[in-house]
Amino acid sequence: MTSELVQPSPRKYVLFDVDGTLIDAVANQRRVWETWAGRYRLDADEVYRVALRTRPMETFAQVAPDQDPVECLAALHELEDDDVRSGVYAAFDGASELLATLPTASWALVTSNYEHRVRGRFARTGLPLPRVIVDAATVEEGKPSPVPYLLAAEQLGAEPEDCLVIEDAPSGIEAGLRAGMTVWGVNTAAAVAGVHRHFGSLREAVPGILAFARA
């Protein structure tokens with residue numbers, strides 16, 4: 001009888017939000033929503049405020065209830081796809097080093113955006129991609145529902161308690177907490193309510209994230 005060496009599966013997993021966490025896309029998002037609001041003669045600041053905490057279809061229902069939501073979404077997709085092709089943005093300091101160091105099977109992306117845009121941005125910034133990407137098209141319930149993070153854990157073969165969520169936005173942080181995961185906040189001046197740890201930048205969090213993944 002012969003025995004084969006089996007590589008142990010990771011015991012800890014890291015689930016990353018994308019925009020605002022790994023990729024600096026705040027200016028891009030604001031510009032897209034401002035342009036979209038202009039098409040419908042809406043207050044751009046109010047539209048962006050709502051868009052930060054809701055999914056697009058929910059945003060349309062609040063800010064443009066008299067408009068066809070399918071048409072609204074098509075216009076938004078057009079603007080966002082154009083931004084992927086021509087917008088200027090970059091990965092946050094530490095992102096490239098962090099993702100290149102983590103074992104491929106130990107991390108995933110959980111985004112409210114769409115996978116083709118994530119792939120486009122990662123290609124332009126030189127960031128590596130994981131095996132698991134949970135995007136807006138993958139789930140019916142987006143953040144702050146725990147569903148996206150729970151699905152990512154399931155696809156990685158991980159238990160929620162073995163997962164670390166890295167987020168910058170209140171809705172994503174709420175989603176991770178509701179999923180029963182450890183949640184760290186990054187890239188914000190002040191800690192969002194509920195986070196287990198807060199870092200002013202992603203770079204500051206890198207040593208802790210790597211230590212968690214290697215535990």
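In this predicted model, Thr21 lies in the loop that links strand E1 to strand E2 (23-24). The relative accessible area of Thr21 is 0%, so the residue counts as buried. Leaving aside residues up to four places away in sequence, Thr21 is in contact with Phe92, Ile166, Glu167, Asp168, Val186, Asn187 and Leu202.

Strand E1, which precedes this loop, spans residues 13-16 and is joined to strand E4 by 3 bridges, the two strands running parallel. Within this pairing, Leu15 has Ala108 of E4 as its bridge partner. Strand E4 is also joined by 3 bridges to strand E5 (residues 132-134), again in parallel orientation. Here Leu109 is partnered with Ile133 of E5. The connection from E4 to E5 passes through helix H6 (residues 115-125), forming a right-handed β-α-β crossover.

In a regular strand, side chains alternate between the two faces of the sheet. Strand E4 (residues 107-110) is covered on both faces. Trp107 and Leu109 are buried on one side, and Ala108 and Val110 are buried on the other.

A helix pair was also examined. The packing of two helices is described by the angle between their axes and the distance between the axes. Helix H2 (residues 44-51) packs against helix H3 (residues 56-63) at an angle of about 140°, and the axes are 9 Å apart. The arrangement of H2 relative to H3 is therefore oblique. The crossing of H2 past H3 is right-handed. In the contact between these helices, Val47, Val50 and Ala51 of H2 meet Thr59, Gln62 and Val63 of H3.

How values were computed. Residues numbered from 1 in each chain as written. Predicted model: local features only at pLDDT ≥ 70, side-chain atom pairs only at ≥ 80, totals over all residues. Heavy atoms only, no water. Buried < 20%, exposed > 50% of the residue type's maximum accessible area, 1.4 Å probe, protein only. Helix = DSSP H or I, 4+ residues; strand = E, 2+ residues; numbered from the N terminus. Pairing = 2+ DSSP bridges. Right-handed = clockwise from strand over helix to strand, strands pointing away. Contact = heavy atoms within 4.5 Å. Axes fitted to C-alpha atoms, helices over the stretch in contact; angles between N-to-C directions. Parallel < 35°, antiparallel > 145°, perpendicular 65-115°, else oblique. Left-handed = near helix turned anticlockwise from the far one by under 90°.
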